[in-house]
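The following exercises concern helix packing and salt bridges in a protein model. Each task is followed by a worked solution.

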Amino acid sequence: ADASGSMLPANTEPVTPAPAPAPSSASAAASARSGLTLASAASDGNPVARYQLGMQTLENGNPDSAAILLRRAAEQGVPAAQYRYAKLLETGEGVPQDLEAARRWTERAANAGHRRAMHNLGVMYYYGTGTAENMETAARWFQEAALLGLRDSQFNLALLYETGDGVPQSLPDAYAWFSIAANGADDPTARERALALEGAMEPEALNAARSTAAGFTPRPIDAEANGIYQDLPWERTATTDIAAVRRAQGFLSVLGYSPGPIDGEMGTRTREAIMQFEADLGLPRTGHVDSVLIERLERAAAG
């Protein structure tokens, strides 16, 4: 949703996060050996896997199936899935259009820390989409996303300060937010609007607004709440390196998981011992030997 030069906050188009990159042939082979793939993890009910598979399915042009997966992940509390499912409800893609439900799911995602959902919720309250118009609430959500570095919300918040909709009218605040939006994305429209306000401000207020804009640092976002994941078991590459397997077997034996002979061979007993260890830690059962598993075993053995 690119901010325009109009006096109304920019609306937003459905935004599809980039799908998870396709695994390499080695990673796919390793996942196949262990039996854990994105599809199998989703089938087992893993909420993040359901979200990622839903996004892949949507990208492949099957919104009906994607909507089912995304709703399940949304119901399991994945903020990124809540946001994407809300967008489907908003546009009627894969599901009947339901603006009120779209607003509710967007609000859940926003409250969980999803930055784009915060912006969309501000737009919904501004225009009265799925809810009554409420300029104060719209301004609050634009501000939340603006503080997290979202340029569209920074631009929209500046517009509200310029006109006094939902917030007390303040040209210095409007100037500061237009400048922040321009600095963050080299936005000529935001820069022009900031320049247009300079002549209407006292020098002292202008200098203070410039200082505020120059010192702005966005708050860090919650990566997982925004659909950014690391160390997902179905994306990890397993190893059959004899030394690594033997090391894992040694730790498993010390911890009482009975991996069988410490011989560096990935037999059934070793794989079952790994999966039991992972289950005891509340992790997905992969049966993988990799650097992540070794590190976790080391920490467990160290007490």
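Buried means under 20% relative accessible area, exposed means over 50%, and partly exposed lies in between. The model treated here is predicted.

**Exercise 1. Describe the overall make-up of the protein.**

Step 1. The secondary structure comes to 15 helices and 0 strands.

Step 2. Of the 303 residues of the protein, 47% count as buried.

Step 3. Among contacts with a separation of 6 or more, 55% are between residues 24 or more positions apart.

**Exercise 2. Classify the packing of α5 against α6, and state which residues meet.**

Step 1. Two packed helices are described by the angle between their axes and the distance between the axes.

Step 2. For α5 and α6 the angle is about 160 degrees, and the axes are 8 Å apart.

Step 3. Angles over 145 degrees count as roughly antiparallel, and α5 is therefore roughly antiparallel to α6. The crossing of this pair is left-handed.

Step 4. On the α5 side, the residues that meet α6 are Pro79, Gln82, Tyr83, Tyr85, Ala86, Leu89 and Glu90. Their counterparts in α6 are Leu99, Ala101, Ala102, Trp105, Thr106, Arg108 and Ala109.

Step 5. By class, the contact of α5 with α6 divides into 10 nonpolar, 2 polar and 2 charged residues.

**Exercise 3. Repeat the analysis for α6 and α7.**

Step 1. Helix α6 spans residues 99-111 and helix α7 spans residues 115-127. Their axes come within 8 Å and cross at roughly 140 degrees.

Step 2. With this angle, α6 is oblique to α7. The crossing of α6 and α7 is left-handed.

Step 3. From α6, the contact is made by Ala102, Arg103, Thr106, Glu107, Ala109 and Ala110. From α7, Ala117, Met118, Asn120, Leu121, Met124 and Tyr125 take part.

Step 4. The contact of α6 with α7 has 8 nonpolar, 2 polar and 2 charged residues.

**Exercise 4. Locate salt bridges within helices, and decide whether their residues are buried or partly exposed.**

Step 1. A search of the whole structure finds 11 salt bridges. Three of them are worked through below, beginning with Lys87 and Glu90, then Arg103 and Glu107, and finally Arg299 and Glu295.

Step 2. In the bridge between Lys87 and Glu90, the closest N and O atoms are 2.7 Å apart. Both residues lie in helix α5 (residues 79-91), 3 residues apart, about one turn of the helix. Lys87 is buried because its relative accessible area is 1%, and Glu90 is also buried, at 17%.

Step 3. Arg103 and Glu107 form a salt bridge whose closest N and O atoms are 2.8 Å apart. The two lie 4 residues apart in helix α6, about one turn of the helix. Arg103 counts as buried at 15% relative accessibility, and so does Glu107 at 17%.

Step 4. Arg299 bridges to Glu295 with closest N and O atoms 3.0 Å apart. Being 4 residues apart in helix α15 (residues 291-301), they are separated by about one helical turn. Glu295 counts as partly exposed, because its relative accessibility is 44%.

**Exercise 5. Which residues are linked in a network of salt bridges?**

Step 1. The network of salt bridges links Arg116, Arg151, Asp152 and Asp187.

**Exercise 6. Where is Ser258 found, and what is its phi value?**

Step 1. Ser258 is found in the loop between α13 (242-254) and α14 (268-280).

Step 2. Phi of Ser258 is near 50 degrees, a positive value in a residue other than glycine.

Notes
Residues are numbered from 1 along each chain as its sequence is written. This is a predicted model: local features need pLDDT of at least 70, side-chain atom pairs count only at pLDDT 80 or more; totals for chains, interfaces and linings use all residues. Side-chain values use heavy atoms; hydrogens and water are left out. Axes are lines fitted to C-alpha atoms, for helices over the stretch in contact, and angles run from 0 to 180 degrees between N-to-C directions. Angles under 35 degrees count as roughly parallel, over 145 as roughly antiparallel, 65 to 115 as roughly perpendicular and the rest as oblique. A crossing is left-handed if the near helix is turned anticlockwise from the far one by less than a right angle, and right-handed if clockwise. Contact means heavy atoms within 4.5 Å. Ala, Val, Leu, Ile, Met, Phe, Trp, Tyr, Cys and Pro count as nonpolar, Asp, Glu, Lys and Arg as charged, and the others, Gly among them, as polar. A salt bridge is a side-chain nitrogen of Lys or Arg within 4 Å of a carboxyl oxygen of Asp or Glu. Buried means under 20% relative accessible area, exposed over 50%, partly exposed in between (1.4 Å probe, protein chains only).
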